[in-house]
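Work through the exercises below with the sequence and the model open. Try each task before reading its solution.

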Amino acid sequence: MEVIIQDSYEEISCQAARIVARTLYSKPNAVLGLATGSTPLGMYKELIRMHQEEALDFSRVTTFNLDEYVGLRKQHSQSYHYFMQENLFKHVNISQQNIYIPSGTTNNYQAFCDWYEQQIEKCGGIDLQILGIGSDGHVAFNEPGSSLGSRTRIKTLTKQTIEDNARFFDSADEVPVYSITMGVGTILEARQIILLANGANKAKAVAGAIEGPVTSMCTASALQMHRDTLFLLDHEAAGDLKMTEYYQWIQSKMPDSP
Ligand code: PGA
């Protein structure tokens, strides 16, 4: 587990984009696990710039998104299908057939979830997984109480997540109550993971994830069991960490940090 604390959201975003780019340079047909929400927006913006100005190539890349709201059509402005098209896919040369996002409108969720897991396996597993973190410590929509061995399935959102996400809708009543989400167990199988967090409202969740006990009450804490996870944080998100000096000391001893 590595913890890097940066001065700004822009620095976190650019560093994450550089790691994604490095993955694509070394493996042009890499499988990426992608996240939605406000946190990865800066990283997507930088990846689009790299595609446009530095010819970063997505033509052989496959992507799997973490989650989707149940009941929202793909065209809905708050669906994660729409988010990904608007904020990344339509700006880069990814092949639409290589894009996988959980369906929020299937009529057989169990079959869909099984199929989604099979597709990840068939593509050789996820090389690099990008994660945000919820203020309740969730990764994807694995809310507190989710099994740390869970697989893709339907999950009921917590009231806190509904409140947090209400900013994207006209009111909290419009936020779907159910999501379809990769499980914690699914996420832990990715070869490499980067969790991005910025802002003081994430400080408690980040401290729980990095320095708290491994517990289903903060599903991000399961990343402590993963052997190649990087936490990229700004100072506000790192605000409740106790070992900050040590993390910064480690970084200062690393001549070529990414
Ligand atoms: P945010 O959401 O990036 O919009 O803060 C993160 C999450 O809920 O995982």
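The exercises cover the ligand site first and then single residues.

The model is predicted: local features need pLDDT of at least 70, side-chain atom pairs count only at pLDDT 80 or more, and totals for chains, interfaces and linings use all residues. Residues are numbered from 1 along each chain as its sequence is written, and side-chain values use heavy atoms, with hydrogens and water left out.

**Exercise 1. The ligand shell**

Task: List the residues that surround the ligand, and divide them into nonpolar, polar and charged.

Solution:
- Step one: apply the distance rule, under which a residue is near a molecule if one of its heavy atoms lies within 4 Å of it.
- Step two: read off the shell, which holds Gly37, Ser38, Thr39, Gly132, Ile133, Gly134, His138, Arg167 and Lys202.
- Step three: sort by class. Ala, Val, Leu, Ile, Met, Phe, Trp, Tyr, Cys and Pro count as nonpolar, Asp, Glu, Lys and Arg as charged, and the others, Gly among them, as polar.
- Result: the shell has 1 nonpolar, 6 polar and 2 charged residues.

**Exercise 2. Polar contacts and burial of the ligand**

Task: Find polar contacts to oxygen atoms of the ligand, then state what share of the ligand's area the protein buries.

Solution:
- Step one: fix the criterion. A polar contact is a pair of N or O atoms within 3.5 Å; within protein, one must be able to donate a hydrogen and the other to accept it, and residues adjacent in sequence count only if both atoms are side-chain atoms.
- Step two: check the backbone. Serine 38 places a backbone N or O atom 2.9 Å from a ligand oxygen.
- Step three: check side chains. Threonine 39 has a side-chain N or O atom 2.5 Å from an oxygen of the ligand. For histidine 138, a polar side-chain atom is 2.7 Å from a ligand oxygen.
- Step four: turn to area. The protein buries 86% of the 280 Å² that the ligand exposes when taken alone. Accessible areas come from the Shrake-Rupley method with a 1.4 Å probe; for residues, only the protein chains shown count as cover.

**Exercise 3. Two alanines with positive phi**

Task: Compare alanine 55 and alanine 140. Which loop holds each, and is each buried or exposed?

Solution:
- Step one: place them. Helices (H or I, at least four residues) and strands (E, at least two) are DSSP runs, numbered from the N terminus. Alanine 55 sits in the loop between helix H2 (41-54) and strand E3 (62-65). Alanine 140 is in the loop between strand E6 (128-131) and strand E7 (153-156).
- Step two: read phi. Neither is a glycine, yet alanine 55 has a positive phi of about 60° and alanine 140 one of about 50°.
- Step three: classify accessibility. Buried means under 20% relative accessible area, exposed over 50%, partly exposed in between (1.4 Å probe, protein chains only). Alanine 55 is exposed because its value is 59%. Alanine 140 is buried because its value is 8%.

**Exercise 4. Serine 13 and serine 38**

Task: Give the location and accessibility of serine 13 and serine 38.

Solution:
- Step one: serine 13 belongs to helix H1 (residues 9-26). At 4%, serine 13 is buried.
- Step two: a polar side-chain atom of serine 13 lies 2.9 Å from the backbone oxygen of tyrosine 9.
- Step three: serine 38 lies in the loop between strand E2 (31-34) and H2. At 32%, serine 38 is partly exposed.
- Step four: serine 38 and asparagine 165 are 127 residues apart along the chain, with 10.0 Å between their C-alpha atoms.

**Exercise 5. Two strand residues**

Task: Is threonine 181 buried or exposed? How far is isoleucine 154 from glycine 239?

Solution:
- Step one: threonine 181 is in strand E8 (residues 178-181). Its relative accessible area is 0%, so threonine 181 is buried.
- Step two: isoleucine 154 is in strand E7. C-alpha to C-alpha, isoleucine 154 and glycine 239 are 33 Å apart, with their positions 85 residues apart in sequence.
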